[in-house]
Amino acid sequence: MLVLEESRPIEFREDRLLVKTLSDEQDISASYHLRHQVFADRLQWVAKSDDGLEVDAYDAFATSVGLFDDEGKLKGVFRMVRSPHPFMIEKEFRPCLYANCEIRKEHDTAEITRFALDPTLTEKGLSSRLLLTLLKGIYQWSKENDVPYMYMVVEKRFLRVLRGIGLSCEAISPAVSLPPAGALSIAAVFDWNHFTDTCPLKKPSFFQWMNAVDGSTSYEKSGFLAMDSKEQFVEPGVFQAKRQDQLLLGEIGRRLAAA
């Protein structure tokens with residue numbers, strides 16, 4: 001008999017931000033509203049709904065994690081679906097994959113979708129900072145739930161950024177143009193086991209910050225800095241960034257630059 005594992009929740013603070021697994025009905029509804037703002041209103045990737053909520057069949061067995069500001073307002077979200085439940089990459093994003101590509105469906109595998117930031121953010125540098133904090137949330141969820149392998153679909157340039165900041169993220173498909181945005185997208189997989197093996201040697205400050213959930217290493221003192229630029233990274237179905245913000249990490253600390 002197949003036994004489905006329940007996801008263990010996470011919760012940690014990053015300065016005045018809070019990252020936690022969503023369980024409260026009000027918080028979950030807020031995540032659906034934020035997703036509608038991003039995927040329906042702004043990107044028009046899904047149809048608009050009368051109630052302003054973006055919900056699909058995957059939510060029935062998914063776990064969502066939210067990022068809240070110091071006023072308790074939801075500013076970011078991502079969704080995790082664990083194997084053996086169906087993945088979007090098996091159906092909606094199948095055109096990204098090679099014809100003979102087999103999707104791993106073991107207990108240690110999940111899929112990241114509906115990763116979104118509040119599209120109304122205007123403060124310089126804030127989108128990049130929130131994006132980094134959500135990535136930290138993905139890593140912490142992976143550790144807590146013993147799920148080191150995570151599928152996703154991202155814009156090709158954004159994949160280079162993820163790898164550039166020290167994340168172990170490998171392409172498993174060619175780059176293809178996905179409607180409606182037509183962005184050049186690519187399927188990839190996070191390997192958090194490889195990350196924990198290599199990042200402490202290459203980028204120790206970043207690794208320390210990714211693992212700190214007790215307030216011992218703040219964002220400002222972590223030895224790296226998120227910077228904005230004029231270009232946009234668009235990640236259909238997974239990572240969606242604000243149009244005037246692009247994630248770039250500058251290695252400004254001597255310790256990190258020398259790693």
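Here is a short walk through this predicted model, from its confidence to one helix and a set of strands.

Residues are numbered from 1 along each chain as its sequence is written. Because the model is predicted, local features need pLDDT of at least 70 and side-chain atom pairs count only at pLDDT 80 or more, while totals for chains, interfaces and linings use all residues; side-chain values use heavy atoms, with hydrogens and water left out.

Let's begin with confidence. The chain has a mean pLDDT of 81, and 78% of its residues reach 70 or more; pLDDT is the predictor's confidence in each residue, from 0 to 100. Helices (H or I, at least four residues) and strands (E, at least two) are DSSP runs, numbered from the N terminus. Among these elements, strand E3 (residues 63-68) has the highest mean pLDDT, 97, and helix H6 (residues 254-257) the lowest, 21. Over residues 225-259 pLDDT stays under 50, although the model has 121 contacts there beyond four places in sequence, a contact being heavy atoms within 4.5 Å. Where pLDDT is low, the predicted coordinates should not be read in detail.

Now turn to helix H1, residues 25-42. Its 18 residues should span 26 Å at 1.5 Å a residue, and the end C-alpha atoms are 25 Å apart, which agrees; the expected span is 1.5 Å times one less than the number of residues. At the N-terminal end, Asp-24 acts as a cap, with a side-chain oxygen 2.8 Å from the backbone nitrogen of Gln-26. Further along, H1 bends by about 30 degrees at His-36, the bend being the angle between axes fitted to the seven residues ending there and the seven starting there. His-36 is also one of the buried residues of H1, including Tyr-32, Leu-34 and Phe-39; buried means under 20% relative accessible area (1.4 Å probe, protein chains only). After the helix comes Gln-44, whose phi is positive, near 55 degrees.

The strands make a good next stop. Strand E5 (residues 109-117) is joined to E4 (residues 74-82) by six bridges, and the two run antiparallel; here Met-80 has Ile-112 as its bridge partner. Three bridges join E5 to E6, and these run parallel. In that pairing, Glu-111 partners Tyr-151, and Thr-109 stands opposite Tyr-149. Nine of the nine residues of E5 are buried, so E5 is largely enclosed by the rest of the structure. Six of the seven residues of E6 (residues 149-155) are buried, so E6 is largely enclosed too.

Notes
Buried means under 20% relative accessible area, exposed over 50%, partly exposed in between (1.4 Å probe, protein chains only). A polar contact is a pair of N or O atoms within 3.5 Å; within protein, one must be able to donate a hydrogen and the other to accept it, and residues adjacent in sequence count only if both atoms are side-chain atoms. Two strands pair if DSSP finds at least two bridges between them.
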